[in-house]
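Let's take a friendly tour of this protein's interior, from its empty spaces to its packed core. Have the model open as you read.

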Amino acid sequence: MQKKEEIKKGGFHTRASVHDPSIFADQDGSYYIFGMHMTAAVSEDLRYWDSFAENVNAENPLFCNLFEGEKRAFSFCGKFGGREYAVWAPDVSYNPVMGKYVMYFCTSGSYVKSSICMATADKVRGPYTFIDTLLHSGFDAETVEKTNVKEILGNDDISRYLKKNGNYNNLSYPNCIDPNTFHDKDGRLWMVYGSWSGGIFLLELDEKTGRPIHPAGDKRNNVDPYFGKKLLGGGHKSIEGPFILYDAESDYYYLFVSFGWLARDGGYQIRLFRSKRPDGPYVDMEGKTFRRVNHHEPYGLKLIGNYVFPSMEYGCKSPGHNSAFIDKDGKVYIVYHQRFDLDAETHEPRVHQLFRTKGGWFTAAPFATEGEMLCAKAYYETEIFGTYYVIEQGQDISAKTRRPVEMEFGQDGQIFIKKTADEKKLEEKPIGKYLLGDESRISVTLGNIIYEGVVVQLNDEAGNPTMCLTGVGSNQSMWAVRYL
C-alpha cells in the first residue's frame, strides 16, 4: 500500500476529441463514436480513439449531400446565431427493417429553434445521405409554415405552443435536439430527445421508415400530438443529452441525462433515472420524478460529477452527454465527454465500466476502462482493509470539485477518518462501516447514507494498481480508492 507522497501521478489522452459521444458497437468488435460538429472516431479497446471525420463542411466524409442544393436540413433553423451551420448530437443505430445505418441528428439556429433530422448509410462510417427533417421547435405563427407541424396536426390550433407574446413556449415544449433511439424489450423503436426548455420528450418511431409515430394528444398523461410524451424537466431547467438503455438482466429502462451547463465550470454532470416501461414514469432512487420545479438538484442519481484523486495531474470536470451500451460479453459501459481542471475547454471521450448494484441501479468505475473484471468470489475484510481516498459526489450542481477524504477501513468493518497525515492517528469514533456480500458486492455506510456497490481492482489513468469500492445510495454516488 503506497503512501500519498509515493503515488505516481499521470494520465492518458484518448487521441480524439468528440463532444456528446454516441456509441455504436459494431459486429466486428470495433467501437464507433459520433459527436457534435460532425466528428467521429473509432476504437478497438475503448481507450484510444482514431478520428475519421471532423468539421461542419461539405468536405467531411461523414455526409454526401448535407450541403447540396437547398440545404434542407437547415431550411427552418438556418445558421446558429446567423453565423455558422450547427450540426449537433448525432445518434447512430442499425435499422434491420430498413437495412440501413440510420443517423438521427439535429441542426440548430438558437437555444430553442432546432430541427431533428434523419440520414441513412450502407456502412456505419458513412457516407450518410440526408433524408428529411422530422421535428421542429422554436417556431411562431409565421415560421411554422417552414415546418411539418401543420402537416402532422391538420387543423389543430397551434396557439398552445406559443406564449402570449407570440414567441415559442420553450418553458413547456422542447428544444428539438439531442436525439437517441432505442428498442424496447418487445422490439418497438423509440426516440428520446430534448434539452433544457420544456424538458425531455419521447416518441415512438416506425421501424419501416424511421419516422415518428405521432400519438393522440393526452394532456392528463403529458402526451402532446406533435412532440410526444414528456418524461422529465420543464421550465428551462438544465437537463439534456437523454439516453435510454434497456437492461434485460434487471428488466429496467435506464434514462441517463445531464444536469448543469456543459462548460468546464458549468457543473455539468450525469444523472440517472429508471422505469419498468419505455415511456415511464422514470424515477430516481427515492422513487421521485420531476417536471417543472424551482430546484431540481435533489432529483436523479448523481452518477458522475467533478472529482480529483491523488494520482491525477489535474481534476476531471463537467462529465456529461453520455451514451451507454452492453457489450457482447455482458459488460456495461458508459461513454461521455470529459473536460479538465485546466485553463481551456479541452475535452476528450471517456469510457468507464458500469456495475449493477444489489438494488438494480448502476454504479460507475472511478477510472477509464482497461479490461477490468469483477471477482466471482466474495472478498474478506483482510483483503479490503487499509487507507482509502473517498469521494462522495453529493447532489449539488456547481463548479465545485470533489476532493478525496482519507479514511481507514478496518478489518472489523469499521471506518475511521484520518485525524492527521500520520496514518496511525485516527478519530476516536468510527464514521461508518462496511459489509461485504457475495461475489464482489459491498455496502458502505457513511453518515446516514448506505452506498450499495461492488469491489473492483483496476489500474488508474497513471498506471497505478488500485482497489476500488464504488457504490450508490440516496441519489448520490461514492468512490473509495486504495493504491496498492
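About 100 Å³ of space lies in the largest cavity of this predicted model. Its lining has 15 residues, and those closest to the centre are S22, P90, D91, P179 and H321. Strands β5 (87-95), β15 (240-247) and β19 (316-326) each contribute at least two residues to that lining.

Searching the whole structure turns up three cavities of 30 Å³ or more. The second largest cavity is bordered by residues including Y268, K302, N306, D396 and R402. Here are these two cavities side by side:

| Cavity | Volume | Nonpolar lining residues | Polar lining residues | Charged lining residues |
|---|---|---|---|---|
| Largest | about 100 Å³ | six | six | three |
| Second largest | about 50 Å³ | one | six | four |

Now for the packed regions. In soluble globular proteins, nonpolar side chains tend to be buried together. The largest nonpolar core here has 38 residues, and F256, L303, I304, Y307, F309, L354 and F362 touch the most other members. Strand β20 (residues 332-340) gives this core its largest share, four residues. Which residues does L303 touch, leaving aside those up to four places away in sequence? They are F256, I270, I334, L354, F362, T363, A364, V472 and S477. A second, separate core holds 26 residues, among them L134, L135, L153 and I158.

One last stop is the loop between β20 and β21 (347-356), where A344 is found. Is A344 buried, partly exposed or exposed? Its relative accessibility is 40%, so A344 counts as partly exposed. A344 and D284 are 60 residues apart in sequence, and their C-alpha atoms are 34 Å apart in space.

Note on methods:
Residues numbered from 1 in each chain as written. Predicted model: local features only at pLDDT ≥ 70, side-chain atom pairs only at ≥ 80, totals over all residues. Heavy atoms only, no water. Core = buried A, V, L, I, M, F, W, Y, C linked by side-chain atoms within 4.5 Å. Buried < 20%, exposed > 50% of the residue type's maximum accessible area, 1.4 Å probe, protein only. Contact = heavy atoms within 4.5 Å. 1 Å grid on protein atoms, 1.4 Å probe; cavity = no way out; pocket = protein on both sides within 12 Å on 5 of 7 lines; lining within 4 Å. Points joined across faces, edges and corners; volume = space filled by probe spheres on them. Nonpolar A, V, L, I, M, F, W, Y, C, P; charged D, E, K, R; others polar.
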